[in-house]
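Please open the structure in a viewer and keep the selection tool at hand. The tour below proceeds one selection at a time.

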Amino acid sequence: MPTVVTHSFVSIALAPVFRRQNVSTAVIVMGGICCVIPDIDAIGFLLGIPYNSIFGHRGFTHSLLFAFLLAGVLTPFVSKPAEGTCRPWVVFLFLFLCTVSHPLLDALTDGGYGVALFSPFSNERFFFPWRPIKVSPLGVSRFLSGQANPVIFSELKWVAVPCLSIFVATLRWRKLRARLFQ
């Protein structure tokens with residue numbers, strides 16, 4: 001899996017895409033949290049839940065249904081019905097995309113059992129055919145033991161740079177569009 005920090009880059013990358021919809025800072029921060037929440041299932045390792053269980057790592061919390069439910073539950077807490085703020089469906093879409101980005105990035109990694117995208121209806125695990133992201137070792141001690149460098153380089157190349165590119169391209173497009181259509 002990409003690291004917690006890297007997952008949250010997606011929220012930052014999507015922020016200017018949704019800026020026109022008046023997405024608030026609170027929504028962007030909640031999006032960053034949604035980007036990392038699916039890994040809450042890692043607690044299953046401590047509880048003895050098997051990795052390949054529906055509630056194991058990369059199980060239900062990495063599914064499309066979980067992303068849908070989480071976005072639905074959190075939307076009322078960060079949506080403000082005041083005039084000038086974004087509509088609840090926009091908040092829902094932003095939070096859903098942030099949450100679903102997590103299993104999609106995990107499906108691009110080169111390790112683990114895959115991602116149960118369709119859980120609880122199917123516990124089949126999926127990877128994309130192309131898996132360029134080095135999987136991060138589970139546990140801080142293993143991460144700091146020297147295994148971090150290839151992971152960090154991989155995440156910079158395949159997650160951080162594309163997210164930054166989306167962020168900058170969106171800002172530039174908005175500026176260009178404003179000039180062209182004044």
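**A tour from two cysteines to a helix**

Begin by selecting Cys35, which counts as buried because its relative accessibility is 0%. Bear in mind that this is a predicted model. Next, display the sulfur of Cys35 together with that of Cys98, which holds the closest cysteine sulfur: the two atoms are 4.1 Å apart, too far for a bond. A disulfide requires the two sulfur atoms to lie within 2.5 Å.

Now select Cys34. Is this residue buried or exposed? Cys34 is buried, with 0% relative accessibility. The closest cysteine sulfur to that of Cys34 is again in Cys98, at 6.6 Å, and this distance is also too far for a bond. A search of the whole structure finds zero disulfides.

**Helix H1**

Select residues 4-18, which form helix H1. H1 has 15 residues and covers 22 Å from its first C-alpha to its last, close to the 21 Å expected. Colour the buried residues of H1, among them Thr6, His7, Val10, Leu14 and Phe18.

**H1 against H2**

Add helix H2, residues 25-36, to the selection. The axes of H1 and H2 come within 8 Å and cross at roughly 145°, and the crossing is right-handed. On the H1 side, the contact includes Val4, His7, Ser8 and Val10; on the H2 side, Ile28, Gly31, Gly32, Cys35 and Val36 take part. Cys35, where the tour began, thus reappears in this contact. By class, the contact has six nonpolar, five polar and no charged residues.

**H1 against H5**

Replace H2 with helix H5, residues 88-106. What is the angle at which H1 and H5 pack? The angle is about 145°, with the axes 10 Å apart. H1 passes H5 in a right-handed crossing. From H1, the residues in contact are His7, Val10, Ser11, Leu14, Ala15 and Phe18; from H5, they include Val90, Phe94, Cys98, Ser101 and Leu105. This contact of H1 with H5 has ten nonpolar, four polar and one charged residues.

**Final stop: Val10**

Select Val10, which lies in H1. Val10 counts as buried because its relative accessibility is 12%, and the cut-off for a buried residue is under 20%. Which residues does Val10 touch, not counting residues up to four places away in sequence? They are Cys35, Ser101, Leu105 and Cys163. Finally, select Ala169 as well: the C-alpha atoms of Val10 and Ala169 are separated by 14 Å, although the two residues are 159 residues apart along the chain.

Notes: Residues numbered from 1 in each chain as written. Predicted model: local features only at pLDDT ≥ 70, side-chain atom pairs only at ≥ 80, totals over all residues. Heavy atoms only, no water. Buried < 20%, exposed > 50% of the residue type's maximum accessible area, 1.4 Å probe, protein only. Axes fitted to C-alpha atoms, helices over the stretch in contact; angles between N-to-C directions. Helix = DSSP H or I, 4+ residues; strand = E, 2+ residues; numbered from the N terminus. Left-handed = near helix turned anticlockwise from the far one by under 90°. Contact = heavy atoms within 4.5 Å. Nonpolar A, V, L, I, M, F, W, Y, C, P; charged D, E, K, R; others polar. Expected span 1.5 Å × (residues − 1).
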